[in-house]
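Grab a pencil and work through these exercises on side-chain packing and pairing. Each task comes with a solution that goes step by step.

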Amino acid sequence: MYYWNDLAEIPADIGPTVITIGNFDGVHLGHQHVLNRLVKVARAQDAAAVAISFDPHPAQVHRPESAPELIMGLVDRVQALADTGLDGLLMMHYTLDLASLTAEEFVRTVLVEALHVKTVVIGHDVRFGRGNAGDLDTMRGLGRELGFDVEAVEDFGALPDGPDSGRRCSSTWIREALREGDVRTAARLLGRTHRMRGEVVHGAARGRELGFPTANLAPESSGLIPADGIYAGWLVDEAGVRWPAAVSVGSNPTFEGVSRQVEAHVIDRPAEKVEDFNLYGQHVVVEFVDRLRGMVAYTGPDALVAQMRLDVERTREVLSTESGTGR
């Protein structure tokens, strides 16, 4: 997949293209529904399938005090978009200058002049241009004027059963699920296990002292932190090795003065790795498969250790039923 950060990077002979536009936070099943259609239309028209997205998220520019937490960081968003089969991705740096373009100016400059668009594939709720004034009808009108087709894709309902059956798959729904610790629902909506990415840093070493050493993610790690609790999950190291892990999210109420953190205890390491297993400084991925329990303040280290042993056993049971692919 070609990756461009600026219109000047796009080759002059790029066309024709089939294009979609969106923030794509999470690249969830609803996004994939549109992107899969985009790729199919592009192949049928012998054109390049191109997505246009934005970084930072527009809400972080217009209303940073109330902008939503991002489900995934930029690295994971780009990879997830590439996995859909796109030929190209234009990741535009979102600024107030870009936001000031009218709907017509944006379409004419970016879609027509830079990308030589043949067809636009978008959802019914698309908004674009200054003040989000452009919508589906606007795009259709510009298509007639500027010479490209527009195909609208119906909403995707992700969960066929349960109390939320028929609800529109959305980034908002995924954020709600993660804030409740419901990583299984989040995974069903994402089409993959929810994950965080960050550098392993030194912590207070309490886990090691208790016999459960952990890989602590740096505070600036990307990916939305789910609700406090203990999770069964996976840790993927820089070599791409997937390790089963019991993951703790929270401030560990058994000990005072501990800030909120994400730490993963790798279980079932090979005998030769028990003593020299060192992840410090590595950039790893932590995946959340299932929430085992909430955070509890125990009477002391002994009670905590007993519970941690149970958590490890439960993690082993949960992961034994998983494929381990994260998909």
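**Exercise 1.** Is Y2 buried or exposed? Then work out how Y2 and W4 are arranged as an aromatic pair.

*Solution.* Keep in mind that this is a predicted model.
- Step 1: Y2 has a relative accessible area of 60%, so Y2 is exposed.
- Step 2: W4 comes out at 5% relative accessibility, so W4 is buried.
- Step 3: Searching the whole structure turns up four aromatic pairs. Y2 and W4 make up a stacked one, at 6.3 Å centre to centre with 0° between the planes.

**Exercise 2.** Classify the ring pair F54 and F106, and say which parts of the chain the pair ties together.

*Solution.*
- Step 1: The ring centres of F54 and F106 are 6.5 Å apart and the planes sit at 45°, so call this pair tilted.
- Step 2: Strand β3 (residues 48-55) holds F54 and helix α5 holds F106, so the pair ties together parts 52 residues apart in sequence.
- Step 3: Both F54 and F106 are buried.
- Step 4: Bring in Y94, and you have a cluster of F54, Y94 and F106 linked by ring pairs.

**Exercise 3.** Which residue lies over the face of W234?

*Solution.* Look above the ring: R242 is there, 5.1 Å from the ring centre of W234.

**Exercise 4.** How many salt bridges does a search of the whole structure find? Take E104 and R108 and explain their spacing along the chain.

*Solution.*
- Step 1: The count is 17 salt bridges.
- Step 2: The E104 and R108 side chains meet in one of them, at 2.9 Å from N to O.
- Step 3: These two are four residues apart in helix α5 (residues 103-114), which means about one helical turn separates E104 and R108.
- Step 4: E104 is partly exposed at a relative accessible area of 33%, and R108 is partly exposed too, at 30%.
- Step 5: Follow the charges on to E145, and you get a salt-bridge network of E104, R108 and E145.

**Exercise 5.** Where do the partners R316 and D268 lie?

*Solution.*
- Step 1: The side chains of R316 and D268 form a salt bridge at 2.7 Å, N to O.
- Step 2: R316 is in helix α10 (residues 301-320), while D268 is in the loop between β11 (261-266) and β12 (283-293), so this bridge ties together parts 48 residues apart in sequence.
- Step 3: R316 has a relative accessible area of 30%, partly exposed. D268 has 46% and is also partly exposed.

**Exercise 6.** Do likewise for D125 and R168: which parts of the chain does the pair link?

*Solution.*
- Step 1: A salt bridge joins the side chains of D125 and R168 at 2.4 Å, N to O.
- Step 2: D125 sits in the loop between β5 (117-123) and α6 (136-146), and R168 in the loop between β6 (149-153) and α7 (171-179); these distant parts of the chain are 43 residues apart.
- Step 3: Both ends are partly exposed: D125 at 45% and R168 at 38%.

**Exercise 7.** Which residues have the most contacts inside the largest nonpolar core?

*Solution.*
- Step 1: This core has 31 residues, and the most contacts inside it belong to I174, Y231, L235, V247, V262, V286 and F288.
- Step 2: Elements giving two or more residues to this core include α7, β9 (229-236), β10 (242-250), β11 and β12.
- Step 3: Another core, of 30 residues, lies apart from it, with I19, V50, L98 and V107 among them.
- Step 4: Zoom in on F288; beyond four places away in sequence, F288 touches residues including Y231, V247 and V262.

Notes:
Residues numbered from 1 in each chain as written. Predicted model: local features only at pLDDT ≥ 70, side-chain atom pairs only at ≥ 80, totals over all residues. Heavy atoms only, no water. Salt bridge = Lys/Arg side-chain N within 4 Å of Asp/Glu carboxyl O. Buried < 20%, exposed > 50% of the residue type's maximum accessible area, 1.4 Å probe, protein only. Core = buried A, V, L, I, M, F, W, Y, C linked by side-chain atoms within 4.5 Å. Contact = heavy atoms within 4.5 Å. Phe/Tyr/Trp six-rings, centres within 6.5 Å; stacked < 30°, edge-to-face > 60°. Lys NZ or Arg CZ within 6 Å of the ring centre and 35° of its normal.
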